[in-house]
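Grab a coffee and work through these exercises with the model open beside you. Try each task before you read its solution.

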Amino acid sequence: MIIHSPFAELRDYLAKIEQQFNLAAWHNPNNLFQLHYDELGLSLHKTDEKKLGAIRVDFVTGAAAHRRKFGGGKGQAIAKAVGLNKGVTPTVLDGTAGLGRDAFVLAALGCKVILHERNPVVAALLYDGLQRAYQDAEIGAWMKENMRMEFGSSHQLLPRSTDDIDVVYLDPMYPHRDKSALVKKEMRVFQDLVGQDLDADGLLPDALALANKRVVVKRPDYAPDLNHQKPSMVIATKKNRFDVYIKAAMKN
Ligand SMILES: C[S@@+](CC[C@H](N)C(=O)[O-])C[C@H]1O[C@@H](n2cnc3c(N)ncnc32)[C@H](O)[C@@H]1O
């Protein structure tokens, strides 16, 4: 897979991304997926579903900017799940980063977040989104301080981590029941791009070994417990739940 772009001056940067994430070796079934780089950065397109539009990572404008300014509050389920309290801002390792949405929510709430992503195409999108954010005059320094990614599988990276991690956050893919338009476009593309993360159970023991305080697993409400392991507590939202495995109390 190569990155298409009208900008000749970006060839070196794009070649670096192609190389870093080994995009040439990635199996692109029937050339279904394409990567483009335009004035808004790197984006993914699915050629048989033009209506879906582009999928890209944007930490700087739109919904991300709003969230950064207004946070979303420590009352929201994800904040409760990772144990955010007054004065407590844990270091979180997001072992299944995807496009970094949840990681950004956590960073906006004050956490320092390390992101792991193993899918080369998703990792390239995430990397480019982070690079553009790092260069932003307003949030660049804050982003560099609070969000960094590592390309690879958490199956290898979690046991090797030397970071002092309070919380490991996991949100592996799980088969969606709902095939209707209700399933967000991004989720549908992800199903085809990434598959089902059938090896996700194996992440829990490594996550529990690494986290000082807790492991949080995001699941659709109908999914079984990860690794068939009962959580210490469950925080339910409309369609998802956060299974929380507590190791130690959150303190400053
Ligand atoms: C459901 S998405 C995560 C979405 C993410 N929480 C967000 O808010 O954008 C799951 C992602 O985890 C990645 N993933 C699954 N297992 C992984 C592993 N063992 N190591 C690294 N990434 C993994 C998949 O490639 C996929 O991109």
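**Exercise 1.** Find which backbone atoms make polar contacts with the ligand in this predicted model, starting from Arg-118.

*Solution.* Start at Arg-118: one of its backbone N or O atoms sits 3.3 Å from a nitrogen atom of the ligand. Now go to Ser-154, where a backbone N or O atom is 2.8 Å from a ligand nitrogen. Then switch to ligand oxygen: one such atom lies 2.8 Å from a polar backbone atom of Asp-102. To finish, look at the area: the ligand on its own exposes 600 Å², and the protein buries 95% of that.

**Exercise 2.** Work out what makes up the shell around the ligand.

*Solution.* First sort the residues by class: you get 7 nonpolar, 10 polar and 6 charged. Next, pick out who comes nearest among the 23: Asp-102, Glu-117, Ser-154, Asp-171 and Asp-197. Last, ask where shell residues come from. Helix H4 (101–108), strand S6 (112–117), helix H7 (154–160) and helix H8 (185–194) each chip in at least two.

**Exercise 3.** Locate the largest nonpolar core and its best-connected members.

*Solution.* This core has 62 residues, and those touching the most other members are Leu-23, Leu-35, Leu-44, Phe-59, Met-143 and Met-147. Helix H5 (residues 120–134) gives the largest share, with 10 residues. Zoom in on Leu-44: beyond its neighbours within four places in sequence, its contacts include Met-1, Phe-33, Ile-55, Val-121, Leu-125 and Leu-193. Don't miss the second, separate core of 17 residues, with Leu-203, Leu-210, Val-217 and Leu-226 among them.

How values were computed: Residues are numbered from 1 along each chain as its sequence is written. This is a predicted model: local features need pLDDT of at least 70, side-chain atom pairs count only at pLDDT 80 or more; totals for chains, interfaces and linings use all residues. Side-chain values use heavy atoms; hydrogens and water are left out. A nonpolar core is a set of buried Ala, Val, Leu, Ile, Met, Phe, Trp, Tyr and Cys residues joined through side-chain atoms within 4.5 Å. Buried means under 20% relative accessible area, exposed over 50%, partly exposed in between (1.4 Å probe, protein chains only). Helices (H or I, at least four residues) and strands (E, at least two) are DSSP runs, numbered from the N terminus. Contact means heavy atoms within 4.5 Å. A residue is near a molecule or strand if one of its heavy atoms lies within 4 Å of it. A polar contact is a pair of N or O atoms within 3.5 Å; within protein, one must be able to donate a hydrogen and the other to accept it, and residues adjacent in sequence count only if both atoms are side-chain atoms. Accessible areas come from the Shrake-Rupley method with a 1.4 Å probe; for residues, only the protein chains shown count as cover. Ala, Val, Leu, Ile, Met, Phe, Trp, Tyr, Cys and Pro count as nonpolar, Asp, Glu, Lys and Arg as charged, and the others, Gly among them, as polar.
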